[in-house]
Amino acid sequence: MTLIAAQPVTGAAGGDAATTVDLARSSVRELNRLLHDADDGTSFVVESPVGSHNIAVGITADLDVTVEGDVGYYFAGMHQTGTATVHGSAGVGLAENIMSGMVHVTGDASQSTAATGHGGLVIVDGNTGARCGISMKGVDIVVGGSIGHASAFMAQAGRLVVCGDAGEALGDSIYEARIYVRGEVASLGADCVEKEMRPEHLAELGELLQRAGRSERAEEFRRYGSARNLYHFKVDNAGSY
Amino acid sequence: MCGIAALQIRNPALRGELGGLMHGMLCEIVERGPDSAGLALYGSERLTPEGSSAITVISDADPGVLADDLRALLPEAANPAVVAYAESILVNAETPASVLEQAVRAALPGASIVGRGSNVAVLKGVGHPVELADSYGLTSISGTQALSHTRMATESAVTAVGAHPFTVAEDLCLVHNGSFSNHASIRRWLRAEGVEFDSENDSEVAARFIAWRMAHGDDLTTALEALQGVFDGFYTLVVTTADSMAVVRDPIACKPAIIAETDDWIAMASEYRALAGLPGIEDARIFEPSPGVVYTWALAPVLEGAAR
């Protein structure tokens, strides 16, 4: 891996034009420092990511960051405001612990997408690997394709929308998040059940699909959530401990 | 962590670039395991010349002295050649691998033999993976398949013997990212079946198990399916033979793996960035192997007269 501390910025400084950063010539650390120091309303285009980890982590200003190519682990981790877009695919831990704002990947994402996310919107146009939305705490996730096994494991709040299929053990030990799946669910995890789709659910799902630029209709989905049987200790189980 | 990179060349015209492509992949997995590394290189004219077998032994013996000793131990036509690549000494001779292995054991009693076969050369050692690869002259190596591993040791000591790949039967190599929790029980059970071990390493147990199953009639796919029913723990495994490559992950699939496939090659790596430099990656079919599924790719037979 080469770290070249040459002038990282080309293109116009300030104004409406985007600043371009080529990761063939700048390090991820230099890029992230630039993003952390940038003012609200600034736009960036990142080129030659070639699967590098930790790109655009920890953005706290209202930026618009677009990456042309595939990114590695933890893209836009801890994202706070603004929009981060990948024209390509993303590795493990996309938008991990996102707080607010929007992260959009046009290709696929690996495992643990939006893990522990507190808020904001994460859109993956393609598929995700295992553990999508694991321990989600308020984030909204819209996946255009299918998701892997153990997704929404111990999910606490937020909405997970899947336009394709879901893998084994969906929503295992789920607390209060709402899951909408259009295709097949391979199996539901412990304490996750299918639930009635009421008007308020159709309304929130329709709004999420629209925000994510999807053409699917809310009526095509089924809703899953917590049976709330794991909330309380059952005295019948006392002998097991 | 540990890093894995594996490459099977489908298009014979690309075989001259095997080492250069693997070097590029290896550079991107160094951070996953910087303490030691190993390579298995299949079909190299330099390391495994046609008609010869290859044995790798971990030793600081003088190559010239070892060559003299082997000449005395082997039939005259065997013509043994010995080259030291840091801790790995590669021995070639025009005899079956089993005969050469016996001779090396006789010449270097107690030394660990870590590579064996007629199609594969195994080189491994302690140190920075790219420096090791450079000392092996990796970029100039041609061939059919290459398998590399960068190790972050967890279950046993950082030594050349404990580095991956594990090559416990001829032309059969295994690399592992993860850790097995029941390897001690399986080792005891295999020992009772007469299987001998070189180390206390957990991954060696998987290699021995696969070799033992294949010696009893399994093919690579069925041996790996059997492994899934016996081994407990975390694993992404890549296993290669003279003519095939396989990938399998445990049912939880925590350890990463990504596969890219084109008409010219099949590649597997721990991280996408190791695949990003391969020719034609932009049009490759890229996917993560599903948990608990054995993926196997056979090396296409090369037509008579084509590059080996």
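This passage walks through a predicted model of two chains, A and B, looking at confidence, helix packing, buried spots and some backbone oddities.

Confidence comes first. Chain A averages a pLDDT of 93, and 93% of the residues score at least 70. The start of the chain is another story: over residues 1–14 of chain A the pLDDT is below 50, although this stretch still has 18 contacts in the model beyond near neighbours in sequence.

The two chains touch each other. Chain A puts 11 residues into the contact, and chain B puts in eight residues. On the side of chain A that touches chain B, seven residues are polar, three are nonpolar and one is charged.

Chain B offers two helix pairs to look at. Two packed helices are described by the angle between their axes and the distance between the axes. Take α6(B), residues 202–215, and α7(B), residues 220–230: they pack at an angle of about 130°, with their axes 9 Å apart. The two helices α6(B) and α7(B) are therefore oblique to each other, and the crossing is right-handed. From α6(B) come Ala206(B), Phe209(B), Ile210(B), Arg213(B) and Met214(B); from α7(B), the partners are Ala223(B), Leu224(B), Ala226(B), Leu227(B) and Val230(B). Sorted by class, this contact of α6(B) with α7(B) has nine nonpolar residues, one charged residue and no polar ones.

The second pair is α2(B), residues 63–73, and α3(B). Here the axes come within 9 Å and cross at roughly 120°. That makes α2(B) and α3(B) oblique to each other as well, and their crossing is right-handed. On the α2(B) side, Leu66(B), Asp69(B), Leu70(B) and Leu73(B) do the meeting, while α3(B) supplies Ala103(B), Ala106(B) and Ala107(B). The contact of α2(B) with α3(B) counts six nonpolar residues, one charged residue and no polar ones.

Helix α3(B), residues 97–107, also holds Val104(B). With 28 C-beta neighbours inside 10 Å, Val104(B) counts as buried, since 20 or more is enough. Leaving aside neighbours within four places in sequence, Val104(B) is in contact with Ile55(B), Val57(B), Val91(B) and Ile113(B). There is also a link back to the helix pair just described: Asp69(B), one of the α2(B) residues in that contact, sits 35 residues from Val104(B) in sequence and 8.8 Å from Val104(B) in space, C-alpha to C-alpha.

Another helix of chain B, α1(B), covers residues 18–27, and seven of its 10 residues are buried, so α1(B) is largely enclosed by the rest of the structure. The buried residues are Leu18(B), Gly19(B), Leu21(B), Met22(B), His23(B), Met25(B) and Leu26(B). What do they pack against? Their partners are β1 (3–9), α4 (129–135), β8 (145–151) and β14 (265–269) of chain B.

Over in chain A, a buried residue turns up in a loop. Val57(A) sits between β2 (43–47) and β3 (64–68) of chain A, and is buried, with 23 other C-beta atoms within 10 Å. Not counting residues up to four places away in sequence, Val57(A) touches Asn32(A), Tyr74(A), Ala76(A), Gly77(A) and Met78(A). Gly72(A) lies 15 residues from Val57(A) in sequence and 12 Å from Val57(A) in space, going by C-alpha atoms.

That leaves the backbone oddities. Most residues other than glycine have a negative phi, and most peptide bonds are trans. In chain B, though, His164(B) and Pro165(B) are joined by a cis peptide bond, with omega about 0°. Pro165(B) is found in the loop between β8 and β9 (166–169) of chain B.

Chain A brings positive phi values. Asp191(A) is not a glycine, yet has a positive phi of about 70°. The residue sits in the loop between β9 (178–181) and β10 (192–195) of chain A. Is Asp191(A) buried, exposed or partly exposed? With 17 other C-beta atoms within 10 Å, Asp191(A) is partly exposed. Arg228(A), also not a glycine, has a positive phi of about 60° and lies in the segment after β11 (222–226) of chain A. Arg228(A) counts as exposed, with 12 C-beta neighbours inside 10 Å.

Notes. Residues numbered from 1 in each chain as written. Chains lettered and ligands numbered in written order. Predicted model: local features only at pLDDT ≥ 70, side-chain atom pairs only at ≥ 80, totals over all residues. Axes fitted to C-alpha atoms, helices over the stretch in contact; angles between N-to-C directions. Helix = DSSP H or I, 4+ residues; strand = E, 2+ residues; numbered from the N terminus. Parallel < 35°, antiparallel > 145°, perpendicular 65-115°, else oblique. Left-handed = near helix turned anticlockwise from the far one by under 90°. Contact = placed C-beta atoms within 7 Å. Nonpolar A, V, L, I, M, F, W, Y, C, P; charged D, E, K, R; others polar. pLDDT = per-residue confidence, 0-100.
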